[in-house]
Structure formats: structure tokens, C-alpha cells
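Hi,

Here is the structure I promised to pass on to you. Have a look at it first, then read my notes underneath.

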Amino acid sequence: MPSKSKIITILEENRGTPVGGNEIANMLGISRNAVWKAITELKEEGYDIVSDRGTGYTLMADSDVISKEGVTLFLNKNGFFDKYDADINLYKSLQSTNTTAKELASAGCKDGTVVIALEQTGGRGRMGRTFQSPAKGGIYVSIILRPGIYAEDCVLVTTAVSVAVMRAIKKCTGKQTMIKWVNDLYLGDKKICGILTEAVTDFESGNVECVIPGIGVNFSSDIASLVPESENKAGSLYENEKPPVTRNELLAQIIYETFELCRKPDPKSFIEEYRKYSMIIGSDVYVIKGNDKREAKALDIDEKGGLIVKYTDSGEEAVISSGEVSIRKR
């Protein structure tokens with residue numbers, strides 16, 4: 001581990017408390033000058049570090065830069081690495097975490113590979129939409145899972161991830177989000193999280209070689225800086241208040257909860273919770289598939305995460321496992 005990485009680990013472990021330069025140098029077996037150079041680079045990367053001749057270096061409690069070291073620290077607190085053999089990868093900038101994850105999966109990376117980006121230049125949402133992913137205020141992560149399921153069961157993984165992210169947000173922030181089928185999370189009437197799940201499938205056997213959920217969370221994103229048409233739909237967990245937690249902490253919890261629910265997805269462990277916090281059950285909706293748009297009533301969620309609807313025009317009940325659903329406003 002390079003000295004800079006070791007230093008940020010030490011500072012993360014002592015967040016809010018000063019650590020002497022001599023102490024860091026002695027711990028790592030490097031010079032005081034090397035410590036100073038590393039601290040200077042970390043400040044340039046955005047870390048809020050206060051230097052004081054008398055007390056040393058302090059990573060401020062509200063400093064919020066996503067780092068592999070910070071995420072790993074919180075995962076270790078959860079006992080994550082005692083349970084799971086995961087590979088955490090962090091990139092400064094990617095076109096899309098899902099795109100990179102698919103490339104790694106094709107190259108044979110292991111189950112549990114995690115891809116994190118500080119920003120995405122070509123983030124994607126469902127139905128070919130753009131997911132704006134600025135460098136500040138967001139969380140962008142994809143996880144490569146090899147759950148051993150069939151293609152028709154992929155919606156179950158998406159459902160599980162929705163619950164996993166909802167749980168993580170609740171545990172870290174105390175905020176209760178709601179789920180819009182199949183994979184959007186809302187805080188009030190604002191969308192704060194989108195999930196795009198993609199699969200690599202063996203067409204001969206129907207087995208899914210891997211499932212890649214891509215998760216994007218507006219943590220403290222400046223919504224006003226996004227394109228105008230998104231302003232009335234998108235929101236952030238923390239728009240007008242100071243976050244009491246860091247993105248590292250929430251990101252680590254999202255990874256932990258996703259592994260807990262999705263490595264071997266068991267609907268008994270999350271479907272009832274998904275139903276409880278669904279914002280769509282009982283609503284009048286449009287079911288959209290391609291150019292076809294039909295009015296329906298959302299009745300329930302089945303055991304595989306499919307949406308049970310009753311079409312207005314025919315009275316027919318059907319289970320929707322793909323496509324788009326929007327709530328009809330009265």
C-alpha cells in the first residue's frame with residue numbers, strides 16, 4: 001500500500017482527532033517530509049485536512065471525499081471481510097461503473113467485485129435514459145454478483161437491491177425512502193436513487209453468468225446544477241442540511257446490505273419489506289412497453305418481484321417483470 005494510502009487510512013481511523021507528523025512517520029517508517037508531501041497531495045484531492053505545528057494533522061469530521069480506504073474502514077466495522085471475499089475498486093472517473101463492471105466480468109473477475117467511481121461521464125439509467133453523475137455529492141457503484149439464477153429471475157435481484165439500498169439509507173441517515181417499482185427510491189416526491197441491473201446470460205442454458213446492479217444515489221448533489229427537466233423529479237438525501245454521515249459510511253453500508261441480500265437472493269428475506277415500502281401498490285398506473293402504453297391498477301408484488309396489475313381496458317390481471325410503469329396523477 002503506497003504511503004499516501006496508508007496515511008489517509010490513519011487519518012480516517014482518527015477522523016476529527018489530530019495525529020502528529022512524527023507519529024505517522026514512525027508508524028510507516030518514512031520521513032516527515034514524505035508525510036508532508038502526501039498530506040499536500042491529499043489536500044489537493046479535496047480532503048479537508050487541518051495542519052497544526054503543535055498537534056499534527058486532522059482529517060475534519062465533515063470531510064467528504066470517497067476513498068477506498070474510507071469505504072474499507074466502514075466495511076471492516078461491519079465485519080464484512082470476515083464474511084465475504086470482495087474486491088473493492090475505485091476510479092476517479094468512468095464513463096459508467098456498469099460498463100467497466102461488464103468489462104471486468106467478461107475478463108473473468110471474481111464474484112463480489114465492486115466498482116466505484118467518483119464521477120461518471122456517461123451514466124445510464126433504465127430505458128436508455130441518462131443518469132447525471134457529477135463529481136461532487138453523489139454515490140456511484142456497481143457490484144458483480146454470480147448468484148446462480150435463471151434469466152427470468154433477474155428482477156428478483158433488482159428487487160433485493162432496492163431493499164438493500166433502502167435499508168442502508170435508513171440505518172445511516174434515519175431517513176425512510178419509498179420504492180417505485182421496480183428500482184427507484186424516492187424521498188417524499190423526489191427521486192434520490194436509481195438502480196440499473198444488467199445481466200450476462202448463457203443463452204443455451206438460460207443460466208445467468210453474472211448480475212450487475214449499478215446504484216446511483218444523490219447524496220448531497222446540487223440538483224439546481226442538473227439539466228432543467230430533472231429539477232422537478234430529482235432530489236438529494238441532503239439538499240438543505242448538513243449530512244451527519246459521510247458518503248464513505250453510506251456507500252459501505254450499501255455494499256454490505258447488497259451482499260447480504262443478493263449473493264443468494266431469498267424472497268422470504270425482503271419481499272414483504274419491499275411491499276411495505278412500495279409507493280405504487282394500489283395506485284393507478286401506466287404500463288409502458290415500447291410504444292404501447294396501457295392504463296392499469298397496481299395490485300401487488302409477487303414472490304419474484306414482479307408487479308401484479310389489472311388492466312383498465314380489459315379487466316385482465318397480469319404480472320409485469322419488465323418495461324416501465326408510471327403513476328397516473330388524478
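**The second largest pocket**

Helix α1 gives the most to the lining of the second largest pocket: three residues. Before going on, you should know that this is a predicted model, where local features need pLDDT of at least 70 and side-chain atom pairs count only at pLDDT 80 or more, while totals for chains, interfaces and linings use all residues. Residues are numbered from 1 along each chain as its sequence is written, and side-chain values use heavy atoms, with hydrogens and water left out.

Back to the pocket. Its volume is about 790 Å³, meaning the space filled by probe spheres set on grid points that are joined across faces, edges and corners. A pocket here is an open set of points on a 1 Å grid over the protein atoms alone, where a 1.4 Å probe fits, with protein on both sides within 12 Å along at least five of seven lines; lining residues have an atom within 4 Å of a point. Of the 33 lining residues, Glu-45, Tyr-47, Val-65, Ile-66 and Leu-118 are the closest to the centre. The elements that give two or more residues are α1 (3-13), α3 (32-44), α4 (68-77) and β3. Helices (H or I, at least four residues) and strands (E, at least two) are DSSP runs, numbered from the N terminus.

What is the lining made of, by class? It has 15 nonpolar, six polar and twelve charged residues. Nonpolar covers Ala, Val, Leu, Ile, Met, Phe, Trp, Tyr, Cys and Pro; charged covers Asp, Glu, Lys and Arg; the others, Gly among them, are polar.

**The two sheets**

Strand β3 turns up again in an open, mixed sheet of seven strands, ordered β3-β4-β5-β9-β8-β7-β6. Two strands pair if DSSP finds at least two bridges between them. The edges are β3 (87-91) and β6 (178-180), each pairing on one side only. Further in, β5 (138-144) and β9 (208-218) run antiparallel, joined by five bridges, and Ser-142 stands opposite Gly-214 in β9.

The other sheet is open and antiparallel, with five strands in the order β13-β12-β11-β10-β14. Its edge strands are β13 (317-320) and β14 (324-327). Six bridges pair β10 (284-289) with β11 (292-301) in the antiparallel sense, and there Val-285 stands opposite Ala-296 in β11.

Happy browsing!
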